[in-house]
Amino acid sequence: MLEPSHRIGMTDPVRIPARGPGVNRFSGGPAVTDGGVTPSRADARRNRALVLQAARFAFEEQGLGVPLGEIARRAGVGAGTVYRHFPSKEALFRATIVDRIELFTDTARDLAEVPDPGAVFFRFLSSVVRLAVRNKALCDALEAAGAGRFEPSPGVGQDFDDALEVLLRRAQEAGAVRQDVGIADLRALLVGCLSMERAVPGSGSGGGAPGRMTALMCDALRPERAVTELEIEPVKRNESRCGVCGAAIAAAHTGRPARYCGGACRQKAHRARERTRQT
């Protein structure tokens with residue numbers, strides 16, 4: 001009896017491809033390495049990882065405005081390689097932030113049974129803002145999602161909302177958060193707080209006073225009228241304060257240093273001096 005290979009060779013001649021690097025001489029397909037992974041698949045996975053890493057840093061710095069060509073340059077691959085793994089910039093953007101949002105979700109779930117739910121709730125909100133404000137990609141994603149223009153991935157945004165709502169409900173049951181606040185209010189406050197923190201000079205980059213807007217947001221959620229004592233910003237060198245309202249006055253480059261921040265305070269000071277003379 002003939003061997004199966006001989007029978008196949010008699011009834012269905014097979015052309016044996018030329019041998020070369022990366023070619024399996026029996027199947028004509030990619031050669032399999034000792035680890036069972038073809039070089040082409042290993043290269044594809046490595047390129048995808050390079051693109052994701054480059055995109056993550058680029059989006060963190062520039063947000064959605066970064067061009068795909070810049071990401072390809074950072075990854076050291078061609079633009080075609082980027083498109084082969086991610087059909088659009090939005091798809092690549094989504095892939096870079098899903099794990100970040102999932103990390104927030106997992107953290108919220110881990111905190112769901114922790115004692116002192118009020119303190120836990122406010123610490124979690126502050127942490128989300130503090131971490132997200134340094135990452136322009138997250139800021140853009142959360143702002144777009146809050147406006148209904150973006151969904152990170154099917155279920156990812158909803159999972160975050162659900163986990164956050166558990167923390168909110170527990171804090172409300174403990175009397176630490178006002179009862180008339182819902183998850184939609186909280187999401188809008190988070191987005192607004194991110195925008196305000198980014199607008200504060202130096203916030204998110206080591207300067208200024210990051211966290212002030214977050215403290216004000218948290219106070220708006222508290223049921224009592226007690227407020228958080230905000231940290232007073234140090235007076236910068238060559239900077240004076242308005243004699244009426246206390247606002248900072250930029251140093252004058254020429255002439256006498258200003259005593260008031262503007263005309264309104266100058267008029268108030270003038271009227272106060274007039275009243276003092278009349279008495």
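This is a short tutorial dialogue on reading the features of a predicted model.

User: Let's start with the overall picture. How many helices and strands does the chain have?

Analyst: Welcome! The chain of this predicted model has 11 helices and 2 strands. If you follow the sequence from its start, the pattern reads α-α-α-α-α-α-α-α-α-α-β-β-α.

User: And what share of the residues count as buried?

Analyst: Of the 279 residues in the chain, 31% count as buried. You can also look at how the chain folds back on itself: among contacts between residues at least 6 apart in sequence, 54% join residues at least 24 apart.

User: How do I read a single helix? What is the span of helix α6?

Analyst: A helix has an expected span, which grows by 1.5 Å a residue. Helix α6 covers residues 117-132, which is 16 residues. From its first C-alpha to its last, α6 reaches 22 Å, close to the 22 Å expected.

User: Which residues of α6 are buried?

Analyst: The list is Pro-117, Gly-118, Val-120, Phe-121, Phe-122, Phe-124, Leu-125, Val-128, Val-129 and Ala-132. Try finding them on the structure one by one.

User: Now two helices together. How is a packed pair described?

Analyst: Two packed helices are described by the angle between their axes and the distance between the axes. Take helix α5 (residues 89-110) and helix α8 (residues 156-173): their axes come within 9 Å and cross at roughly 25°.

User: Why are α5 and α8 called roughly parallel?

Analyst: Angles under 35 degrees count as roughly parallel, and the axes of α5 and α8 cross at roughly 25°. The two helices are therefore roughly parallel to each other. Their crossing is left-handed.

User: Which residues in α5 and α8 meet?

Analyst: On the α5 side they are Val-98, Ile-101, Glu-102, Phe-104, Thr-105, Ala-108 and Arg-109. On the α8 side they are Val-156, Asp-159, Phe-160, Ala-163 and Leu-167.

User: Next, salt bridges. How many salt bridges are there?

Analyst: A salt bridge here pairs a side-chain nitrogen of Lys or Arg with a carboxyl oxygen of Asp or Glu within 4 Å. By this rule the count comes to 10. One of them joins the side chains of Asp-43 and Arg-46, at 2.6 Å from N to O.

User: Where do Asp-43 and Arg-46 lie in helix α2?

Analyst: They are 3 residues apart in α2 (residues 39-62), so about one helical turn separates them. Asp-43 is partly exposed, at 33% relative accessibility, and Arg-46 is partly exposed too, at 46%.

User: Which parts of the chain does the pair of Arg-74 and Glu-61 link?

Analyst: Arg-74 forms a salt bridge with Glu-61, with the closest N and O atoms 2.9 Å apart. This pair links distant parts of the chain: Arg-74 is in helix α3 (residues 68-75) and Glu-61 is in helix α2, 13 residues apart. Arg-74 is partly exposed, with a relative accessible area of 31%. There is a network as well, in which salt bridges link Glu-61, Glu-70, Arg-73 and Arg-74.

User: Which residues of α3 are buried, and what follows α3?

Analyst: The buried ones are Leu-68, Glu-70, Ile-71, Ala-72 and Ala-75. After α3 comes Gly-76, whose phi is positive, near 75°.

User: One last pair: are Arg-178 and Asp-180 partly exposed or exposed?

Analyst: Arg-178 is partly exposed, at 34% relative accessibility, whereas Asp-180 counts as exposed, at 54%. The two form a salt bridge, with their closest N and O atoms 2.8 Å apart.

Terms used. Residues are numbered from 1 along each chain as its sequence is written. This is a predicted model: local features need pLDDT of at least 70, side-chain atom pairs count only at pLDDT 80 or more; totals for chains, interfaces and linings use all residues. Side-chain values use heavy atoms; hydrogens and water are left out. Helices (H or I, at least four residues) and strands (E, at least two) are DSSP runs, numbered from the N terminus. Buried means under 20% relative accessible area, exposed over 50%, partly exposed in between (1.4 Å probe, protein chains only). The expected span of a helix is 1.5 Å times one less than its number of residues. Axes are lines fitted to C-alpha atoms, for helices over the stretch in contact, and angles run from 0 to 180 degrees between N-to-C directions. Angles under 35 degrees count as roughly parallel, over 145 as roughly antiparallel, 65 to 115 as roughly perpendicular and the rest as oblique. A crossing is left-handed if the near helix is turned anticlockwise from the far one by less than a right angle, and right-handed if clockwise. Contact means heavy atoms within 4.5 Å.
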